[in-house]
Amino acid sequence: MDKLERMPFKAQKQLFEKLEKIAGVANLTREERQEYDEALKVYRDCKNIVDYAEEKGEIRGEIKGEIKGIKRTARKMKETGSSLEYIMECTGLSEEDIRNL
């Protein structure tokens, strides 16, 4: 109780709101609780799917950005007269990819 009294009002309010939600769930009937649990499961599944998709999208975006950067570097090297072998060694691109730049 001493810790609670030392907490700022905003933190106390958040704590009591959370306790109120917990108490509300605890007072549900068996059928209501099953419905609540199912809805919560669906929500968590959807949230996980969205989070995973966002993460994969960020990773793909980073990879695409890196490839564009490598091709841009290879193009500049080609323009400055670097040898094909040197560009291949530095960028990891194939001979065909470099010729198509």
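Trainee: How many helices and how many strands are there in the protein?
Mentor: This is a predicted model, where local features need pLDDT of at least 70, side-chain atom pairs count only at pLDDT 80 or more, and totals for chains, interfaces and linings use all residues. Residues are numbered from 1 along each chain as its sequence is written, and side-chain values use heavy atoms, without hydrogens and water. Helices (H or I, at least four residues) and strands (E, at least two) are DSSP runs, numbered from the N terminus. The elements run α-α-α-α-α from that end, and the count is five helices and zero strands.

Trainee: Is the protein a compact globule or more spread out, and what is the radius of gyration?
Mentor: The globule rule, 2.2 Å times the number of residues to the power 0.38, gives 13 Å for 101 residues. The protein is well over that, so it is more spread out than a compact globule, with a radius of gyration, taken over C-alpha atoms, of 28 Å.

Trainee: What share of the residues is buried?
Mentor: Buried means under 20% relative accessible area, with a 1.4 Å probe and protein chains only. Of the 101 residues, the buried share is 11%.

Trainee: Which residues form the largest nonpolar core?
Mentor: Such a core is a set of buried Ala, Val, Leu, Ile, Met, Phe, Trp, Tyr and Cys residues joined through side-chain atoms within 4.5 Å. The six residues here are A74, M77, L84, I87, L93 and I98.

Trainee: Which elements give two or more residues to this core?
Mentor: Two elements meet that condition. They are helix 3 (30–79) and helix 4 (84–91).

Note on methods: Buried means under 20% relative accessible area, exposed over 50%, partly exposed in between (1.4 Å probe, protein chains only).
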